[in-house]
Amino acid sequence: MNTVECTVYCIANSPLFLPSVFVISGFLLSVAGYFLVKNSIERLRFYWFANILALINAPILYFSMNCSMGSFLKIYFGYATIAFLILVLAPPAYRYHLKRTYGFQRDEDLEKLIGIERVYLLNTSLPKAFTLGRDIFVSMGMIDLLEEDELKAVLAHEKFHVMENRTPFLSRLKYLTFLPLSQDRIEIMADEYAEGIAGKDALNRAKRKIEKFYA
Ligand SMILES: [Zn+2]
């Protein structure tokens, strides 16, 4: 038997056959949903479902295996443990670095502007905006550079990333599941969301100003 036949044989004869079929069907439906819906937020939800179901399926497959594919899965679980630790430790480490290098504090005006908590003002004159876990960081330089509606567009873009990071690991699950959702694709979805909140014109003006600054 080759590995594919072996895998099919193992799963078909396992007591976990039905749960596996159930999870795999859910996974395929989530992937289909991802391609069928147009709304960025709904797309993201289907992507999460697909990731979570792929993760649930890994131990089901593992316990179904008693032939050669088992060793591949052992390697996978070793990899997943290391990747998981990095995913947990990297955001607080970077936050600590930001605190030491620039300093930041929570900003209620920015929070009100976009309607989300945990927006931090970063003490640097370079225009920067990014999201770390569920925290949004916007620099003083960005506030100086942009008009209010442009700033709102930038914050909305980052708010999408916060939703993407709803739990600390959700958006990074792709490192455990290998489901391809490229960073480019995520950026397009975040821009679509920002256009819906602040308008396409404001977003484009903001982008042009930021590009011009760094050119
Ligand atoms: Zn982005």
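## Where H3 meets H9

Helices H3 and H9 pack together at about 145°, and their axes lie 9 Å apart. On the H3 side, the residues involved are Ser40, Ile41, Arg43 and Leu44, and they meet Met189, Glu192 and Tyr193 of H9. Sorted by class, this contact has four nonpolar residues, one polar and two charged. Keep in mind throughout that this is a predicted model.

## The chain as a whole

Stepping back, the chain's secondary structure comes to ten helices and four strands. Going along the sequence, these elements follow the pattern α-α-α-α-β-α-β-β-β-α-α-α-α-α.

The chain has 215 residues, and 26% of them are buried. As for contacts between residues at least 6 apart in sequence, 58% join residues at least 24 apart.

## Helix H3 and its buried residues

H3 covers residues 40-64, 25 residues in total. From first C-alpha to last, H3 reaches 36 Å, close to the 36 Å you'd expect at 1.5 Å a residue.

Which residues of H3 are buried? They are Ser40, Leu44, Tyr47, Ala50, Asn51, Leu53, Ala54, Asn57, Leu61 and Ser64. Two of these, Ser40 and Leu44, also turn up in the contact with H9.

## H2 against H3

H3 has another partner in H2: the axes of these two helices come within 8 Å and cross at roughly 155°. That angle makes H2 roughly antiparallel to H3. The crossing of H2 and H3 is left-handed.

From H2, the contact takes in Pro19, Ser20, Val23, Ile24, Gly26, Phe27, Ser30, Val31, Gly33 and Tyr34. Facing them in H3 are Arg43, Phe46, Tyr47, Phe49, Ala50, Leu53, Ala54, Ile56, Asn57, Ile60, Leu61 and Ser64. The contact of H2 with H3 divides into 15 nonpolar residues, six polar and one charged.

## Leu61 and Val21

Leu61 sits in H3. Why does Leu61 count as buried? Because 22 other C-beta atoms lie within 10 Å, and 20 or more is the cut-off for that label. Leaving aside residues up to four places away in sequence, Leu61 touches Ser20 and Leu73. Its C-alpha is also 7.2 Å from that of Ile11, although Leu61 and Ile11 are 50 residues apart along the chain.

Ile11 gives us a way over to Val21, a residue of helix H2 (residues 17-36). The C-alpha atoms of Val21 and Ile11 are separated by 9.3 Å, with the two residues ten apart along the chain. Val21 is partly exposed, since 13 other C-beta atoms lie within 10 Å.

## Helix H7 and its packing on H9

Now for H7, which is largely enclosed by the rest of the structure, because 14 of its 17 residues are buried. At 1.5 Å a residue, those 17 residues should span 24 Å, and the end C-alpha atoms of H7 are indeed 24 Å apart.

H7 (residues 148-164) packs against H9 (residues 183-198) at an angle of about 130°, with the axes 8 Å apart. That makes H7 oblique to H9. The crossing of H7 with H9 is right-handed. H7 puts Asp149, Lys152, Ala153, Ala156, His157, Phe160, His161 and Glu164 into the contact, and H9 answers with Ile186, Met189, Ala190, Asp191, Tyr193, Ala194, Ile197 and Ala198. By class, that comes to ten nonpolar, two polar and four charged residues.

## Phe160, a residue of H7

Phe160 belongs to H7. Is Phe160 buried or exposed? Phe160 is buried, because 23 other C-beta atoms lie within 10 Å.

Not counting residues up to four places away in sequence, Phe160 touches Ser40, Met189, Ala190, Tyr193 and Ala194. Ser40 is among the H3 residues that meet H9. Leu44 is another of those H3 residues, and its C-alpha lies 9.8 Å from that of Phe160, with their positions 116 residues apart in sequence.

## An unusual phi at Arg118

Arg118 has a phi near 65°, a positive value in a residue other than glycine. Most residues other than glycine have a negative phi. Where is Arg118 placed? Arg118 is in the loop between helix H5 (108-114) and strand E2 (119-122). With 14 C-beta neighbours inside 10 Å, Arg118 counts as partly exposed.

Technical notes:
Residues numbered from 1 in each chain as written. Predicted model: local features only at pLDDT ≥ 70, side-chain atom pairs only at ≥ 80, totals over all residues. Buried ≥ 20, exposed ≤ 12 C-beta atoms within 10 Å, placed from the backbone. Expected span 1.5 Å × (residues − 1). Axes fitted to C-alpha atoms, helices over the stretch in contact; angles between N-to-C directions. Parallel < 35°, antiparallel > 145°, perpendicular 65-115°, else oblique. Left-handed = near helix turned anticlockwise from the far one by under 90°. Contact = placed C-beta atoms within 7 Å. Nonpolar A, V, L, I, M, F, W, Y, C, P; charged D, E, K, R; others polar.
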